[in-house]
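This report describes the open and enclosed spaces in a protein model and then turns to one of its helices. The reader is invited to keep the sequence and the structure in view throughout.

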Amino acid sequence: KSKVQEEIERFSNIRTTYSIAACDVAVLMMDATEEEIVTDQDQRIASLIEERGKACVVLINKWDILDPEIKADPVKILKHKDRIDYQLRFVDYAPKEFVSALTGQRTDKLWQMIMDANTEHKRRVSTSLLNKVLADITGVTRPPEKKQKAIKMKYITQVDTAPPQFLIFTNYPELIPESYTRFLEGQIRQYFGFKGTPIRIGYKKEGEKD
């Protein structure tokens, strides 16, 4: 039985990996009644979805039969949601919905969520608007100095979609810390949304040719 279970698990993993590679929008669904709603396998799948640059929607199913005591307590519900958010931090860009496939509760929202995520995944922002926003962002919060060198963000352009990818020209691309890249991503999302899709930010030395 254990050998059969291992083969089923291996086949399931192969199919999941293939499905993620082939899709535009991945729908990641979990069971709200499980002791651990987000399993290790769910986390691995979420990480793979982000790694492959796929849009994503998260569904927590069987919400209708979740322990009534938990559902009636706002504090417990918030703890549930905060834990789910933390465990699925790989796809923190993904909208989440609590549904019931059995009763149809909130499932009517699914297709619109998928279409919205797909639209954002393929969205392109004009270079002029991006540069205005970059100037606003860096005008308030400059990149940290490294090795007594002032990092200057000169220019930004979107180089691809699905997922949206941005290239920033700067004087010291090698000195930009990961924390500032995450900050920029958060700011770009604040200005433009991109809900449901990962975004990529890269750097290039000012004046460097392809």
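Strand β1 gives the most to the lining of the second largest pocket, with six residues. The model under discussion is a predicted one.

**The second largest pocket**

This pocket has a volume of about 250 Å³. Its lining is made up of 17 residues, and those closest to the centre are V27, L28, M29, D42 and I45. Two or more lining residues come from each of α1 (2-22), β1 (25-31) and α2. Sorted by class, the lining comprises 10 nonpolar, four polar and three charged residues.

**The largest pocket**

The volume of the largest pocket is about 390 Å³. It is lined by 16 residues, of which E50, E178, R182, E185 and I199 are the closest to its centre. The elements α2 (40-51), α7 (178-192) and β6 (200-205) each supply two or more residues to this lining. The largest share, five residues, belongs to α7. Six nonpolar, two polar and eight charged residues form the lining of the largest pocket.

**The cavity**

Rolling a probe the size of a water molecule over the atoms reveals where empty space remains. How many cavities of 30 Å³ or more does the structure hold? There is one cavity of that size. The largest cavity encloses about 40 Å³ of space, and its lining consists of L130, V133, L134, I137, I156, I168, L184, I188 and F192. Helices α6 (127-140) and α7 are the elements that give two or more residues to this lining, and α6 provides the largest share, four residues. By class, the lining holds nine nonpolar residues, with no polar and no charged ones.

The table sets out the lining of each space by class.

| Space | Nonpolar residues | Polar residues | Charged residues |
|---|---|---|---|
| Largest pocket | six | two | eight |
| Second largest pocket | 10 | four | three |
| Largest cavity | nine | no | no |

**Helix α4**

Helix α4 (residues 74-87) has 14 residues, which at 1.5 Å a residue should span 20 Å; its end C-alpha atoms are 20 Å apart, in agreement with that expectation. Which residues of α4 are buried? They are I77, I84 and Q87. Because these residues cover an arc of only 100° around the axis, they lie on the same side of α4. The face of α4 turned away from this buried side carries the exposed residues P74, V75, L78, K79 and Y86.

Key: Residues numbered from 1 in each chain as written. Predicted model: local features only at pLDDT ≥ 70, side-chain atom pairs only at ≥ 80, totals over all residues. Heavy atoms only, no water. Expected span 1.5 Å × (residues − 1). Buried < 20%, exposed > 50% of the residue type's maximum accessible area, 1.4 Å probe, protein only. Arc of directions from axis to C-beta. 1 Å grid on protein atoms, 1.4 Å probe; cavity = no way out; pocket = protein on both sides within 12 Å on 5 of 7 lines; lining within 4 Å. Points joined across faces, edges and corners; volume = space filled by probe spheres on them. Nonpolar A, V, L, I, M, F, W, Y, C, P; charged D, E, K, R; others polar.
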